[in-house]
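Open the structure in your viewer and keep the selection panel at hand. The tour goes from the whole chain down to single residues.

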Amino acid sequence: MFENLSDRLSGVFDKLTKQGALSEDDVKTALREVRVALLEADVSLPVARDFVAAVQAKATGQAVTKSITPGQQVVKIVHDELEHVLTGDTDPGALKIDNPPAPILMVGLQGSGKTTTTAKLAKRLKEREGKRVLMASLDTNRPAAMEQLAILGTQIGVDTLPIVKGETPVQIAKRAKTAASLGGYDVYMLDTAGRLHIDAELIAQAAAVRDVANPRETLLVVDGLTGQDAVNVAQEFDDKIGVTGVVLTRMDGDGRGGAALSMRAITGKPIRFVGLGEKMDAIETFEPSRIAGRILGMGDIVALVEKAQATIEAEQAEKMMRRFQKGRFNMNDLKMQLDQMLKMGGMEGMMGMLPGMGKMKGQMDAAGIDDSILRRQIALINSMTKAERANPDLLAASRKKRIAKGAGLEVSELNKLVKQHRQMADMMKKMGKGGMLKNAMKQMM
Ligand code: GDP
């Protein structure tokens, strides 16, 4: 899928991971090469630039984890950044098809693979989700295209709307809707006409069909081999018709693949599926982590770094525990815990991990308890001096006022925090004596 880009990147990182120590210049040189590789893969310039800048910032700011080389760590940062660039906020594979019959509008240029993709998706919905699907071709300009969909339908065992000569696309769309309702279908797919280029008539027709069908999903099919053009086409379709996702076809070829990386950043639209061949099963949902893995082709190193980082975290927790056992639980420890809670998805995320906490969450919402409390407490601790954090007993009334003011909060909130800290420290001490702390921490990890 991304052979060329993948080869280029592994070339860059092979060199880097073999080195024991890395200078800032080594990283800079490597990232310059990454940038060139991305541009050659037809990733758009601003995306390539932002990508490299993000990696650079993270690589500079991060302490190197023991037992892995800095180069390996850079590979992991690049991997995470790739995944980030590829991730949208929709679940790619989950098509909105509740409220049957749900209309899905398929749009795209001629030859992009629209008809093939319509049939592939219909087959998927039928086989994986047990849906009854009806497909209709709206390509009144090309009778051959209508025939093609009918043939594919027979091949995969999915019904197609009978062809009636002389109807307009809008009339066909209306007939498909009626047939889908009467026939008890879950989904009906409208395969609109494509053209070689986007023109006013094509857009007007697709918009008219959209207005009568009111689709739950409008999927744009684009040829992944066209690189940057695919992104431009997507931008234009989205501006004029509005799309809910993109299907990138021909990703089985060893094309440059840059469209996959630029698509979401430039158009804001997620890639939902990738086409991987002419066969009816040759389609996959777009999984950012898997795709990032394929682009980088360095899964072993990524796994290694993840493992090393997990070990370090466990060691830190162990160290913290030993301090707690001795009754040394200061404001820095509390802050670390609050940070950790935020990282785990805040209150909501923590609650989600505990069984039977759903009800409690409702109560917390009602009582106005949410992540903002965590953030306010962190802000308060940040306003303390180093000495005060290590020993909160130093906090005199005048200092409390200053600290609260510094964090933009009331003194009462700071008092609550100090009280909470004392209670926790006392509890840690008690638990530490009985060995309960060790058990409790073990359970948390
Ligand atoms: P349409 O004009 O957009 O409806 O395009 P078609 O669905 O007719 O597809 C055009 C050609 O591309 C056909 O020969 C398809 O078999 C082929 N095709 C579609 N999707 C893919 C894909 O993901 N990979 C490959 N290799 N070929 C594809």
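What share of the 445 residues of the protein counts as buried? The figure is 37%. Bear in mind that this is a predicted model.

**Whole chain**

Colour by secondary structure. You should find 20 helices and eight strands. Now turn to contacts with a separation of 6 or more: residues 24 or more positions apart account for 75% of them.

**The sheet**

Select the eight strands. They form an open sheet with mixed pairing, in the order E3-E2-E4-E1-E5-E6-E7-E8. Go to its edges: strand E3 (159-160) and strand E8 (283-285) each pair on one side only.

**Strand E1 and its partners**

Select residues 102-108, which are strand E1. Seven of its seven residues are buried. Show the side chains. In a regular strand, side chains alternate between the two faces of the sheet. In E1, Ala102, Ile104, Met106 and Gly108 point one way. Pro103, Leu105 and Val107 point the other way.

Add strand E5, residues 217-223. E1 and E5 run parallel and are joined by five bridges. Pick valine 107: its bridge partner in E5 is leucine 220. Then pick methionine 106, which stands opposite leucine 219 in E5.

Now add strand E4, residues 187-191. Five bridges join E4 to E1, and this pair runs parallel too. Here leucine 105 has leucine 190 of E4 as its bridge partner.

**A helix across the strands**

Select helix H9, residues 228-240. Helix H9 lies across E1, E5 and strand E6 (245-249). Its direction is at about 155° to E5.

**The ligand**

Centre on the ligand. How many residues surround the ligand? There are 17, and the closest are Gly113, Lys114, Thr115, Thr116 and Gly275. Colour this shell by residue class: two residues are nonpolar, 11 polar and four charged. Then highlight helix H5 (residues 114-129), which gives the most to the shell, with three residues.

**An annotated stretch**

Select residues 270-283. An unreviewed UniProt entry places the feature "domain: SRP54-type proteins GTP-binding" there. This stretch is 0% helix and 43% strand. Put a distance label on its end C-alpha atoms: they are 16 Å apart.

**Three backbone stops**

Zoom to proline 100 and proline 101. The peptide bond from proline 100 to proline 101 is cis, with omega near -5°. Proline 101 sits in the loop between helix H4 (70-86) and E1.

Next, select asparagine 214, in the loop between helix H8 (200-213) and E5. Asparagine 214 is not a glycine, yet its phi is positive, about 50°. Is asparagine 214 buried or exposed? Asparagine 214 counts as exposed, because only 12 or fewer C-beta neighbours are needed for that and it has 9 inside 10 Å.

Finish at arginine 250, in the loop between E6 and helix H10 (258-267). Arginine 250 also has a positive phi, about 60°, although it is not a glycine. Count the other C-beta atoms within 10 Å of arginine 250: there are 20, so the residue is buried.

Key:
Residues numbered from 1 in each chain as written. Predicted model: local features only at pLDDT ≥ 70, side-chain atom pairs only at ≥ 80, totals over all residues. UniProt positions renumbered as here; feature names shortened; annotations may be inferred. Helix = DSSP H or I, 4+ residues; strand = E, 2+ residues; numbered from the N terminus. Pairing = 2+ DSSP bridges. Contact = placed C-beta atoms within 7 Å. Axes fitted to C-alpha atoms, helices over the stretch in contact; angles between N-to-C directions. Near = placed C-beta within 6 Å. Nonpolar A, V, L, I, M, F, W, Y, C, P; charged D, E, K, R; others polar.
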